[in-house]
Amino acid sequence: MNKLKQTLAKVNKIDTFSPYFFLPFILVLYFFTSLFDFHRFELFNVQVSIWPAVFLALACYYIGVYVIDKLQWTIPSFGLSFLGKYVVHFIVFLTLLGLASYLLMIFGGGFGISDESSRRNLDPKLNFFAQLLWFGVLLLLSYKMILEKHMTWKKVLVYGSIYAAVMFLFLLMGYRTPLIIMLFTGIIIFHYVVKRVKLTWFLSALFVIGVAFSMFGFLRVVSEDTTKEFNSREQPDVELTETEKEKLLTVEQQVNLTPKWIRSLNGESVTGHIVLSKIIEYTQEEGYLNGELHAGIFNTIRSGEQVSPRMKVTEVVNSLSVEEGKYITRPNRTTTPTFIGQLFLDGGYVLVGIGFFLYGVLISLIYNKVKQGGIRSFHSVAYAFVITLFTVSMHTGLLDLIFILMLGFVILASAVIKTDDNDKKLSY
């Protein structure tokens, strides 16, 4: 018992949210849990190993973090320090713009959580700007908590209640990504400002959070109105031999031996593994897209009909499975490529290495700002948001223009805000 306590004490000394631990741990955990596939790998004929790409990504990420950590470099101000005093006011403006857009979207299109077809058909422009609501509230509340000289549990409860209210608004829209980003950014802020989150506590909370969000996704799927064409679950109409039909039915039966709710516990990571494997397989046969996927991020705001990056991923992975009589992702649905898959599809191992090296560099640059400027600065908010967004993108990919703009804004804000002026902030 004493040895167990000593071991736990050593484990809990780890800074759960440091660049060296948080993102790599989540990435490894994500792909480790994907190994419990309940015959889905066989169903979708997964043949290509993902592990060389995963290990390369981890190695390059660590190199980026280590190099910047040793050099003690931080993000420069780009000669824009004079803008620092306007950052908070601009965040308030973004929050109000997001609130107005959210209300217009709700009154104009209903609640996205009511059905998948409703969520996918919300007004795209209003939906884009509505995301600024949770983004602005997240930054303002986190920064306010950072500047509290005497944080009490009563104040924590007030901040937590406001957080929960905004999270509920986006729960009504059927979105998980904003909820996850808000939740983990809030936990990191809590860790640095209120009470240190021990690793054992974090692992316990991670299990509960993981199950909760998995069940949310599960309920969202099982509650779909299948009478609507958008929610159709028909498989490809292709000619299969009797042997192929029998094999397909046999594997489907093996998959169905495990209840859906159990499969859903790690369904996201299993799907991510399958998609990444299929992306690598696709590039072996068809070559890389050479930037087409990432260009699609900006093409979606152009006039006329455009194919979104995640729809392109759907086309890619389904092109390898349709002839076998099944869809990896249903038509008209988008596919989350994982960040490794996103990079691999456009440039293979080279782009994966470059991308994760830059991830490590950027995270370490901001973390150095925190170490130099102190915990009670906007840099802590920026670090919490950036590492959370990057970690979430391990599954979702970083293919949403709004998230890229948020990321750019937070990094620039951290660069221009002067640490010495922090006590003056949020005085509006």
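Visitor: How many aromatic pairs are there, and what makes two rings a pair?
Guide: The count comes to 29 aromatic pairs. Rings of Phe, Tyr and Trp (its six-membered ring) pair if their centres lie within 6.5 Å. This is a predicted model, where local features need pLDDT of at least 70 and side-chain atom pairs count only at pLDDT 80 or more, while totals for chains, interfaces and linings use all residues. Side-chain values use heavy atoms, without hydrogens and water, and residues are numbered from 1 along each chain as its sequence is written.

Visitor: Why is the pair of Tyr-359 and Phe-390 called stacked?
Guide: Planes under 30 degrees apart count as stacked, over 60 as edge-to-face and the rest as tilted. Tyr-359 and Phe-390 have 15° between the planes and lie 3.9 Å centre to centre, so the pair is stacked.

Visitor: Which helices does this pair link?
Guide: Tyr-359 is in helix H16 and Phe-390 in helix H17 (residues 378-396), 31 residues apart. Helices are DSSP runs of H or I, at least four residues, numbered from the N terminus.

Visitor: Are Tyr-359 and Phe-390 buried or exposed?
Guide: Tyr-359 and Phe-390 are both buried. Buried means under 20% relative accessible area, exposed over 50%, and partly exposed in between (1.4 Å probe, protein chains only).

Visitor: Why does Leu-71 count as partly exposed?
Guide: Leu-71, in helix H4, has 43% relative accessibility, which falls between the two cut-offs, so Leu-71 is partly exposed.

Visitor: Which residues do ring pairs link into a cluster?
Guide: The cluster consists of Phe-90, Phe-93, Trp-134, Phe-135, Phe-385, Phe-403 and Phe-409.
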